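Biologist: Mind walking me through this one? I'd like to start with the pocket and then move on to the sheet.

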Amino acid sequence: MKLSIGIVGLPNVGKSTLFNALLKRQVANVANYPFCTIEPNIGVIEVPDERLPVLAKIVGTEKIIPAVVEFYDIAGLVKGASEGEGLGNKFLSHIREVAAIIHVVRLFEDNNIVHVSNYIDPVEDIKTITTELVLADLSTVTKQPDPRMNATKEERNTYQIIQEVKKGLDKGIPVRLMSLSPEEIQAISSLNLITAKPVLYVFNLSESQLEDFQNTNNKIKEVLSKLGEPPDFIALCARLENEILSLSENEQKEFLKHYRLDDIGLNRLIKQAYKLLGLISMLTAGVKEVRAWTIPSGIPAQEASGVIHTDFIKHFIKADLISYQKFVEYGGWAKAREQGQVQTVGKEYIIQEGEVVEFKIGV
C-alpha cells in the first residue's frame, strides 16, 4: 500500500525546506518568493525502522527493503486559489491524489522572509488554506447531477449524502469535521474530496520558539482550539532539521538532547502519519530479504497477503506468524517453532503491528 502525503500551506511558510529535510537531500527549489515551486516535487523516502537490521542479522541476509512514503511538495496556495489565483486549481488537483495532507503553518518571525499577508497570524493562515480547499470541494459537489429517473436506491442515497455535504461546505466546514458515518464517507469516496482527507499540522518554529517549547506548544493548542481542529500536530524548526542531517550520529543525539526532542522530525512525522491514516507495518524475514509492508490496521491475514502479491489472496491457505520481540528472543523461525512460539492462523486473523509473517500459498 502506497502512503502518499501532500505538503501544503501558504507561500514561504517552509514547505520546501521541510521537504528537503525529509528527503535528506536538496531537491526542492527553496527561494524567498512566492510560487518558487512550479511543479510538485515528488520524493519517495524510506520509513525508518530499527527492527529491520536486527531481523536481517538473525536470518542472515543483507537485503533490507523498508516501507516507503511518497511526499508531494505542492506549491503555495493563496486566497482565491480555488478561482485560479496564484497557481490555482492546477495544484489543487495534485492534492486530490494524496492519502493525507501535511499543512505547514508558519510560527517563526523573520523579517528577511516575506509573508504573503505581511504579518504572522497562524489562525488566519490556516483559515485561508482551509477556505480554498472547502471552495474547491464545493465546486466538485455542486457539479454532481441530479439522480436519473431510473436511479437505484443506492444512487439516490448517495445523492442525498452529497446534498448534506454541500450544506456543510456552504458553512465552511471541511468534510473530515462533519458527522458522517463510515458508510456515508465510503458512498462519496469516488468524489475524492480534498477536505475529507486527514490533516496533520506541522508548525514551523524559530530556534527561540523551539527552546521555549512548552509555551510554544500551548500556543499551538490554542490556535487549533480556535479552529475546532483536533490536536494532531508536530512542531519543528525546518531549517534546523536540514542542519541536523550533516551531523554525526553522536552530534545528532546531543542536538536532540539540547532541544529536548526524542527524535528527528522525519521519524516523528512518519509515526504521526501512520497513526493518522491507521496504518501498521507487517514484517517478513527470510534468507532472500527482510521487508516491511505497509497495511491498514484491522485487515485480516488473507487480505494482508495481497500486499505482497495479489494472487496470494486467491490462493491463501494459512499464515505462520510471531511477534517481532519473540522472533528476536528465539533467534529466528527454527527455534521459535521448536518452542511452539509460532502461531498458525487462518484467513480471518487480524494482523497486528510488527508481527513477522510467513504466508502459505497454494499453487
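Modeller: Sure. One definition before we start: a residue counts as lining a pocket if it has an atom within 4 Å of a pocket point. Also keep in mind that this is a predicted model.

Biologist: Fine. Which helix supplies the largest share of the lining of the largest pocket?

Modeller: The pocket itself has a volume of about 1000 Å³. Of its 37 lining residues, the closest to the centre are Asp263, Asn267, Arg268, Ile270 and Lys271. Several elements supply at least two lining residues each, including helix 1 (15–23), helix 8 (213–227) and helix 11 (265–277). The largest share, 7 residues, comes from helix 11.

Biologist: And how many residues of that lining are nonpolar?

Modeller: Tyr and Cys count as nonpolar here, while Gly goes with the polar ones. Setting aside the 4 polar and 11 charged residues of the lining, the nonpolar count is 22.

Biologist: On to the sheet. Which strands are at its edges?

Modeller: It's an open sheet of 6 strands with mixed pairing, in the order 2-4-1-5-6-7. An edge strand here pairs on one side only, and that picks out strand 2 and strand 7.

Biologist: What is the average twist from one strand to the next, and what angle does helix 11 make with strand 7?

Modeller: The twist averages 25°. Helix 1 packs on the sheet, with its direction at about 35° to that of strand 2. Helix 11 also packs on the sheet, touching strand 1, strand 2, strand 4, strand 5, strand 6 and strand 7. The angle between the directions of helix 11 and strand 7 is about 170°.

Biologist: Now strand 6. How many of its residues are buried?

Modeller: In a regular strand, side chains alternate between the two faces of the sheet. On one side of strand 6, Val199, Tyr201 and Phe203 are buried, and so are Leu200, Val202 and Asn204 on the other. Buried means under 20% relative accessible area, and for strand 6 (residues 199–204) the count is 6 of 6.

Biologist: Last one: which residue in strand 7 stands opposite Phe203?

Modeller: Strand 6 runs parallel to strand 5 (residues 100–106), joined by 6 bridges, and there Val202 is the partner of Val104. Strand 6 and strand 7 are parallel too, with 4 bridges between them. Along that pairing, Tyr201 has Phe233 as its partner, and opposite Phe203 stands Ala235.

Definitions and conventions
Residues numbered from 1 in each chain as written. Predicted model: local features only at pLDDT ≥ 70, side-chain atom pairs only at ≥ 80, totals over all residues. Heavy atoms only, no water. 1 Å grid on protein atoms, 1.4 Å probe; cavity = no way out; pocket = protein on both sides within 12 Å on 5 of 7 lines; lining within 4 Å. Points joined across faces, edges and corners; volume = space filled by probe spheres on them. Buried < 20%, exposed > 50% of the residue type's maximum accessible area, 1.4 Å probe, protein only. Pairing = 2+ DSSP bridges. Axes fitted to C-alpha atoms, helices over the stretch in contact; angles between N-to-C directions. Contact = heavy atoms within 4.5 Å.
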